Amino acid sequence: MSVFANLVERLADLLQPLFHASAAAAAIIVFTALVRLLVHPLSRAAARGQRARAALQPKVAELRKKHAKNPEKLRKAVLELHAEEKVAPLSGCLPSLLQLPAFFLLYHLFSNSTIGGDGNGLLTHQLFAAPLGGRWADALGDGGVFGGAGLVYLALFAVVAAVATFNYVRTKRMAAAGGPLPVGDGDERVPGFAAVGRIMPFMSYLTIVTVAVVPLAAALYVVTSTTWSAVERAVLYR
């Protein structure tokens, strides 16, 4: 973890002339962008896989008619069809899973007061008036909702709500048009995903809860990554 802390500190030093006291926050955003660039090839592969799954829908429809009274046989038949066509039903989840280590690194880095036995200097950094190691509860206790730190969180909540609404509207439009949906948004045409498909359009709004309870540094990662995902999916699944 000390190696990762040094990386963030060096990035912050490079960005300090531009962002001054918020240089560490800018470094986290840059780090997030680098992580997303690394997993972007997998996101492109997931989009290709989803288009392949969409092309199988006529065959899936035939299986639905054939096994209309036996959901278990339908599920197995669809999985076998995907295996025959070499299409992975959950390939779209891989990019999200690969980002989890980076998120947890930031979470632990800004949750510990010491690193390798020394004081954690990163905890002294801020995004405007909000400490990167603080949480929304801390902001509420120090100035309230409209205090300096509270306004930073309100801005992050607004970004998350805007991205979630964008995702919701896009998903509904794609579903209405019959276009290929990202697995992360739910695909109601695949057996077993119907319930997920109904819930997933609303899941993006739960990101607000994550932003509120994790350290601000980890919240920045979540907000940046969520925004990147929205733009990336709009391009790859257009």
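In which helix do Arg75 and Glu72 both lie, and how many residues apart are they? In this predicted model, both residues belong to helix H4, which covers residues 71-84, and they sit 3 residues apart, about one turn of the helix. Arg75 forms a salt bridge with Glu72, and the closest N and O atoms of the pair are 2.8 Å apart. Side chains of opposite charge can pair when their charged atoms come close. As for their surroundings, Arg75 is partly exposed, with a relative accessible area of 35%, and Glu72 is partly exposed as well, with a relative accessible area of 40%. These residues count as partly exposed because that class lies between the limits of 20% and 50%, and the values are 35% for Arg75 and 40% for Glu72.

A search of the whole structure finds 2 salt bridges, and the other pair to consider joins the side chains of Glu232 and Arg36, with a distance of 3.0 Å from N to O. This pair links distant parts of the chain, since Glu232 belongs to helix H10 (residues 216-236) while Arg36 belongs to helix H2 (residues 23-55), 196 residues apart. Are Glu232 and Arg36 buried or exposed? Both of them are buried.

From charged pairs we can turn to the nonpolar interior. In soluble globular proteins, nonpolar side chains tend to be buried together. The largest nonpolar core here has 42 residues, and those that touch the most other members are Phe31, Leu109, Phe110, Leu132, Val211 and Leu216. At least two residues of this core come from each of the helices H1 (2-19), H2, H5 (94-109), H7 (148-177), H9 (207-213) and H10. A second core, separate from this one, consists of 7 residues, among them Leu56, Val60, Leu63 and Val78. To see what one member of the largest core meets, look at Leu216: leaving aside residues up to four places away in sequence, Leu216 touches Leu127, Ala130, Pro131, Leu132, Gly134, Val152, Tyr153 and Leu156.

Helix H1 deserves its own look. Its buried residues are Phe4, Ala5, Val8, Leu11, Ala12 and Leu15, and these pack against H2, H5 and strand S1 (114-115). Along its length, H1 bends by about 35 degrees at Asp13, and a proline, Pro17, follows within four residues. Just after the helix, His20 takes a positive phi of about 55 degrees.

Technical notes:
Residues are numbered from 1 along each chain as its sequence is written. This is a predicted model: local features need pLDDT of at least 70, side-chain atom pairs count only at pLDDT 80 or more; totals for chains, interfaces and linings use all residues. Side-chain values use heavy atoms; hydrogens and water are left out. A salt bridge is a side-chain nitrogen of Lys or Arg within 4 Å of a carboxyl oxygen of Asp or Glu. Buried means under 20% relative accessible area, exposed over 50%, partly exposed in between (1.4 Å probe, protein chains only). A nonpolar core is a set of buried Ala, Val, Leu, Ile, Met, Phe, Trp, Tyr and Cys residues joined through side-chain atoms within 4.5 Å. Contact means heavy atoms within 4.5 Å. The bend at a residue is the angle between axes fitted to the seven residues ending there and the seven starting there.
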